[in-house]
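I opened this notebook to look up charged pairs, a pocket and a surface patch, and I record each in turn below.

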Amino acid sequence: MTKAVDGRNISFSYDGPDGRNVLHDVCLSVRKGSFVVVLGANGSGKSTLMKHLDALLRLQKGYLVVSGLDAGDERSVYQLRRRVGMVFQNPDNQFVSSVVWEDVAFGLGNAGKDEVDAKVAEALSVVGLSGFEKRDVDTLSGGQKQRVALAGVMVTDPEILVFDEAASMLDHDGRRDVIAYVEKLHAGSRTVFLVTHDVEDAVGADLVVLMKEGTVLRTGTPAEILSDVQLLKEAGFLPPLSVRVRCDLLERGIDIGDAPLDLQGLAEVICGLR
């Protein structure tokens, strides 16, 4: 198995190696090309863990290899930040220019103009914003701003993409757009991490990493994690709506078995009841 991320016994403190740990002996193993949802309540350490992937936070304790690079080696920092792209919660904090083209092109450095034009156009096309090159970012909707931020990451062609609560500040339509592009990018064989505190976002993942208070409670498939009502309760979550419906039906003596986690699949099962 080719691993995109292999981490063991990672501990971290914002007060230095001898301070109070925010991460406690975290282990994480992710196969290349996976769609991983890192699920946890606020303060669970999920964003802190993800910032280790591109050395925004330096490894203090433990072992971490990302895309074949030792994250504990200072000589790996530049390459890590080329191979791992991060899209944060508030896109306004990522913009370096008020013009879409200039912002997306920033990561290309001193490349020739023809190459930059081609790569910016391609990145904007991928996120559905062709023709937006000359737009002022302040005129864009929240969802469009997140897509511009994503294009600015995509233009450098990273192997791993991390969306750190990237949809949490958006309305329903904007959130739906961002999640759709996350799924589209994963379909293109990239390794994608989605950091979230919404259990519904985890339904389509390959792997769910459930965190609480700086530790990984469990990793597993969506079916393994999201159907475990007690485990989710321990982490501070209600299960997805489909699981709650199944539990309510069981209390009424109706057993629909291992129902799908998505609502459409659940509706089909219920409609098939006699």
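Entry 1. I began with arginine 8, which I enter as partly exposed because its relative accessibility is 43%, and I keep in mind that the model is a predicted one. Its side chain meets that of aspartate 6 in a salt bridge, with 3.2 Å from N to O. I looked up the partner as well: aspartate 6 is at 11% relative accessibility and therefore counts as buried, the cut-off being under 20%. I then followed the contacts outward and noted that Lys3, Asp6 and Arg8 are linked in a network of salt bridges.

Entry 2. How many salt bridges does the count come to? I noted eight by the rule used here.

Entry 3. I turned next to the side chains of glutamate 165 and lysine 46, which meet in a salt bridge at 3.4 Å, N to O. This pair links distant parts of the chain, 119 residues apart, with glutamate 165 in the loop between strand E7 (160–164) and helix H6 (172–187) and lysine 46 in helix H1 (residues 46–50). Are these two residues buried or exposed? Glutamate 165 is buried, with a relative accessible area of 9%, and lysine 46 also counts as buried, at 4% relative accessibility.

Entry 4. For arginine 218 and aspartate 228 I wrote down a salt bridge between the side chains, 3.1 Å from N to O. Here too distant parts of the chain are linked, 10 residues apart: arginine 218 belongs to strand E10 (residues 215–220), and aspartate 228 to the loop between helix H7 (222–226) and helix H8 (229–235). I enter arginine 218 as partly exposed, at 36% relative accessibility, and aspartate 228 as partly exposed too, with a relative accessible area of 23%.

Entry 5. I then looked up the largest pocket and found about 610 Å³ of space in it. It is lined by 19 residues, of which Arg81, Gly107, Gly152, Val153 and Thr156 are the closest to its centre. Sorting the lining by class, I noted 10 nonpolar, five polar and four charged residues. Helix H2 (77–83), strand E6 (84–87) and helix H5 (142–154) each supply at least two residues of this lining.

Entry 6. Last, I looked at the surface, where Ile254, Ile270 and Leu273 make a nonpolar patch of about 210 Å². I placed isoleucine 270 in helix H10 (residues 263–271), and I enter this residue as partly exposed because its relative accessibility is 33%.

Definitions and conventions: Residues numbered from 1 in each chain as written. Predicted model: local features only at pLDDT ≥ 70, side-chain atom pairs only at ≥ 80, totals over all residues. Heavy atoms only, no water. Patch = residues over 30% accessible without salt bridge, like charges linked within 9 Å, V, L, I, M, F, W, Y side chains within 5 Å. Areas by Shrake-Rupley, 256 points an atom, 1.4 Å probe, with all protein chains shown as cover. Salt bridge = Lys/Arg side-chain N within 4 Å of Asp/Glu carboxyl O. Helix = DSSP H or I, 4+ residues; strand = E, 2+ residues; numbered from the N terminus. Buried < 20%, exposed > 50% of the residue type's maximum accessible area, 1.4 Å probe, protein only. 1 Å grid on protein atoms, 1.4 Å probe; cavity = no way out; pocket = protein on both sides within 12 Å on 5 of 7 lines; lining within 4 Å. Points joined across faces, edges and corners; volume = space filled by probe spheres on them. Nonpolar A, V, L, I, M, F, W, Y, C, P; charged D, E, K, R; others polar.
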